[in-house]
Structure formats: C-alpha cells, structure tokens
Amino acid sequence: ESQALPDDWSVGALLARVATSEPPLHALVDTGALVTGLSNLEAATRLLELGLRHVEGCVFMDASGSKMILLRDGWRLLKLEQCGLPPAKRFSFYDQVHTTG
C-alpha cells in the first residue's frame, strides 16, 4: 500500500511513520530516494529506535553492497547470512540505489 506524505514531511517523520505503522510493515522500498542524509546503517538504527516492535532486526545493504542486519538485541551488526533470524522477525530497508540500480 502506498501513502502520500504531507507537504512539510521530513526524513525523520517518514521513518517514524514507517516504524510505527499499524498494521506493522516489513519493508521500506525507497524508490524515490526520500531517505537522504543518512547512511543505510543510520536509517536502520533510526527505524529500530523509533519502533518496529514486531521485528528483531533491520536488513539493509552496506556501502560495499553486502547484505547486513542490525539486531535490536545489543545493537549487533552482522552479515545477513550469519544472523539466523527468521524472515518474519526482520524488517528490510531497500535504499534507492539498490532498488532501482
């Protein structure tokens, strides 16, 4: 489902809206490059800090293109294939660069 943003939106407000959405979301696909001024790790951290209580980690691509996950428990950063967390317990952040090519 897509939702319109208000004219006075900000990156922080967008992330808060996603992180606290009801029903809960499992992915943010940023095809419009709206999440700017943050690294993907910073975006993942913000999303977990702001909410996403239904998941235990946030998946993203790092600067070198590796699939990473930031775990809420201890704020540990792991390669996705090392985490062992089931997909239902993950949120995925797809940044514009890795979404549209």
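These legends walk through a few close-up views of the structure above.

**About the model.** What you see is a predicted model, where local features need pLDDT of at least 70, side-chain atom pairs count only at pLDDT 80 or more, and totals for chains, interfaces and linings use all residues. Residues are numbered from 1 along each chain as its sequence is written, and side-chain values use heavy atoms, with hydrogens and water left out.

**View 1. Strands β2 and β3 run antiparallel.** Let's start with a hairpin. Helices (H or I, at least four residues) and strands (E, at least two) are DSSP runs, numbered from the N terminus. Two strands pair if DSSP finds at least two bridges between them. Here, β2 (residues 57-61) and β3 pair in the antiparallel sense over five bridges. One bridge to look for joins Gly57 to Leu71 in β3. Five residues sit between the two strands of this hairpin, and Gly65 takes a positive phi near 90°.

**View 2. Strand β3 also pairs with β4.** On to the next hairpin: β3 and β4 (residues 77-79) are antiparallel partners over three bridges. Find Met68 and you'll see its bridge partner in β4, Lys79. This hairpin has five residues between its strands, with Gly74 at a positive phi near 80°. Strand β3 (residues 67-71) is largely enclosed by the rest of the structure, because four of its five residues are buried. Buried means under 20% relative accessible area, while exposed is over 50% and partly exposed is in between (1.4 Å probe, protein chains only).

**View 3. Strand β5 has parallel partners.** Now look at β5, which pairs with β1 (residues 27-29) in the parallel sense over three bridges. Leu28 stands opposite Phe93 in β5. Strand β2 is a parallel partner of β5 too, again over three bridges, and Val59 stands opposite Ser92 in β5.

**View 4. The largest nonpolar core has 20 residues.** A nonpolar core is a set of buried Ala, Val, Leu, Ile, Met, Phe, Trp, Tyr and Cys residues joined through side-chain atoms within 4.5 Å. Val35, Leu47, Phe91 and Phe93 have the most contacts inside this one. Two or more residues each come from α1 (11-19), α2 (40-50), β2, β3 and β5 (90-94). Helix α1 gives the most, with five residues.

**View 5. Zooming in on Leu47.** Skip its neighbours within four places in sequence, and Leu47 is in contact (heavy atoms within 4.5 Å) with Leu15, Val18, Ala19, Leu52, Cys58, Phe91 and Phe93. Apart from the largest core lies another, of six residues, including Leu71, Leu80, Cys83 and Leu85.
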